[in-house]
Every structure is written in C-alpha cells, then in structure tokens.
Amino acid sequence: MIAETVCSAASAAGLGIAVVTAYRKRFLAAARIAAYSLVPVGLVMTGVVGWAADTAFSPTAWAGFVLLGGAWLLFMTTRAVERRSGGTRKERRAAKAAQREAVAPAASAPSLGQSARPATRPAASPRPAQSGDDFTDIEAILKKHGI
C-alpha cells in the first residue's frame with residue numbers, strides 16, 4: 001500500500017513539473033517529463049510494483065536470484081575455457097590428427113617442392129675497405145647544405 005502511495009505522489013509531482021515546464025513554453029521537455037511521470041502509476045496499475053515488493057522481501061526469491069547468478073557464472077566460465085582451449089574435445093582431437101598428417105616425419109625434400117634452379121647468393125658489390133669514405137660522404141652532404 002505504501003509503494004502505491006509513493007508512486008502516485010511521484011507521478012503527481014512529475015505532472016506538476018511538466019505543467020510548469022509547459023507554462024515556460026518548453027513543450028517538448030514538458031511532454032517528456034509527463035511521459036516519465038506517468039510510468040510509476042502505470043507500474044502500479046499493472047501489478048509490477050506489488051510483484052517487486054513481494055520479491056524484494058522474499059528470501060526464496062533472493063535464493064533463486066543467487067542460483068541464477070551462479071548458473072550464469074558457470075556458463076560463462078565454461079565458454080571462456082572452451083574458447084581458450086580451442087573448442088570441444090572432438091575438435092581438439094581432429095586438429096591434432098590433422099597436424100600429425102601434415103608433417104611427414106621422414107621427409108627428405110621440402111614440402112613445397114623443388115625449385116627450378118638452385119638458390120644462389122647474389123654477388124656482393126665491391127665495397128671500399130676504407131672507413132674514411134663514410135666521413136667523406138657526410139662531409140659532402142654538410143658542404144652541400146652550407147654547414
């Protein structure tokens with residue numbers, strides 16, 4: 001009974017604020033406030049407030065919420081472990097079998113096949129053995145910029 005009275009008072013106060021807002025020529029805001037203020041009365045009339053009050057003071061209902069939370073926690077934990085480990089047991093076994101078949105243990109040639117020509121290193125360009133050449137390049141750059 002107290003919950004219904006509080007909800008009715010809240011709705012009446014909200015409608016009063018909506019009237020004042022409409023008087024100030026802010027009709028869109030007044031309509032929005034009126035809509036929000038009618039929600040508590042609607043909840044009382046549909047019985048949601050009575051159900052919520054009965055649920056809030058019922059130990060059985062709270063135990064049910066705790067059990068639902070525990071079930072949700074177990075479900076999410078198992079999903080996370082399943083995703084981390086790579087799926088179900090059947091999927092993991094299939095993946096291990098496919099991995100064993102993909103690698104040939106006694107293969108003497110590369111699995112990509114033989115190349116048309118043997119790989120050779122490109123000939124290295126002759127580099128001067130003097131370390132002073134590096135400094136001459138730097139000096140030329142600095143002279144170019146006037147430094």
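In this predicted model, a polar atom of the Ser11 side chain lies 3.4 Å from the backbone nitrogen of Val41. That is a good place to start looking. Ser11 sits in helix α1, and its other neighbours are worth finding too: leaving aside residues up to four places away in sequence, Ser11 touches Ser37, Leu38, Pro40 and Val41. Is Ser11 buried or exposed? Its relative accessible area is 3%, and anything under 20% counts as buried, so Ser11 is buried.

Now let your eye move from this one residue to the two helices around it. Helix α1 covers residues 2-23, and helix α2 covers residues 27-46. Their axes come within 8 Å of each other and cross at roughly 170°. What does that angle tell us about the way the two helices run? Angles over 145 degrees count as roughly antiparallel, and therefore α1 and α2 are roughly antiparallel to each other.

Which residues make the contact between them? On the α1 side you can look for Glu4, Cys7, Ser8, Ser11, Gly14, Leu15, Ile17, Ala18, Thr21 and Ala22. On the α2 side, the partners are Phe27, Ala29, Ala30, Ile33, Ala34, Ser37, Leu38, Pro40, Val41 and Val44. Sorted by class, this contact has 14 nonpolar, five polar and one charged residues.

Next, visit the loop between α1 and α2, where you will find Lys25. This residue has a positive phi of about 65°, although it is not a glycine. Lys25 counts as exposed because its relative accessibility is 65%, and the cut-off for exposed is over 50%.

Follow the chain along α2 and you come to another loop, the one between α2 and α3, which holds Gly47. With a relative accessible area of 34%, Gly47 is partly exposed. Try finding Glu4 from here. Gly47 and Glu4 are 43 residues apart in sequence, while their C-alpha atoms are 9.9 Å apart in space. Glu4 is also one of the α1 residues in the contact with α2.

Just beyond this loop comes helix α3, residues 48-56, which contains Thr55. A polar atom of the Thr55 side chain lies 2.8 Å from the backbone oxygen of Trp51. Not counting residues up to four places away in sequence, Thr55 touches Ala61, Trp62 and Phe65. Thr55 counts as buried because its relative accessibility is 11%.

Finally, step back and take in the whole protein. How many helices and strands does the protein have? There are six helices and zero strands, so reading from the N terminus on, the elements run α-α-α-α-α-α. Buried residues make up 8% of the 147 residues, and you have now met two residues that count as buried, Ser11 and Thr55. The protein exposes about 13200 Å², with carbon and sulfur atoms supplying 66% of that area. As for contacts between residues at least 6 apart in sequence, 34% of them join residues at least 24 apart.

Terms used
Residues are numbered from 1 along each chain as its sequence is written. This is a predicted model: local features need pLDDT of at least 70, side-chain atom pairs count only at pLDDT 80 or more; totals for chains, interfaces and linings use all residues. Side-chain values use heavy atoms; hydrogens and water are left out. Axes are lines fitted to C-alpha atoms, for helices over the stretch in contact, and angles run from 0 to 180 degrees between N-to-C directions. Helices (H or I, at least four residues) and strands (E, at least two) are DSSP runs, numbered from the N terminus. Angles under 35 degrees count as roughly parallel, over 145 as roughly antiparallel, 65 to 115 as roughly perpendicular and the rest as oblique. Contact means heavy atoms within 4.5 Å. Ala, Val, Leu, Ile, Met, Phe, Trp, Tyr, Cys and Pro count as nonpolar, Asp, Glu, Lys and Arg as charged, and the others, Gly among them, as polar. Buried means under 20% relative accessible area, exposed over 50%, partly exposed in between (1.4 Å probe, protein chains only). Accessible areas come from the Shrake-Rupley method with a 1.4 Å probe; for residues, only the protein chains shown count as cover. A polar contact is a pair of N or O atoms within 3.5 Å; within protein, one must be able to donate a hydrogen and the other to accept it, and residues adjacent in sequence count only if both atoms are side-chain atoms.
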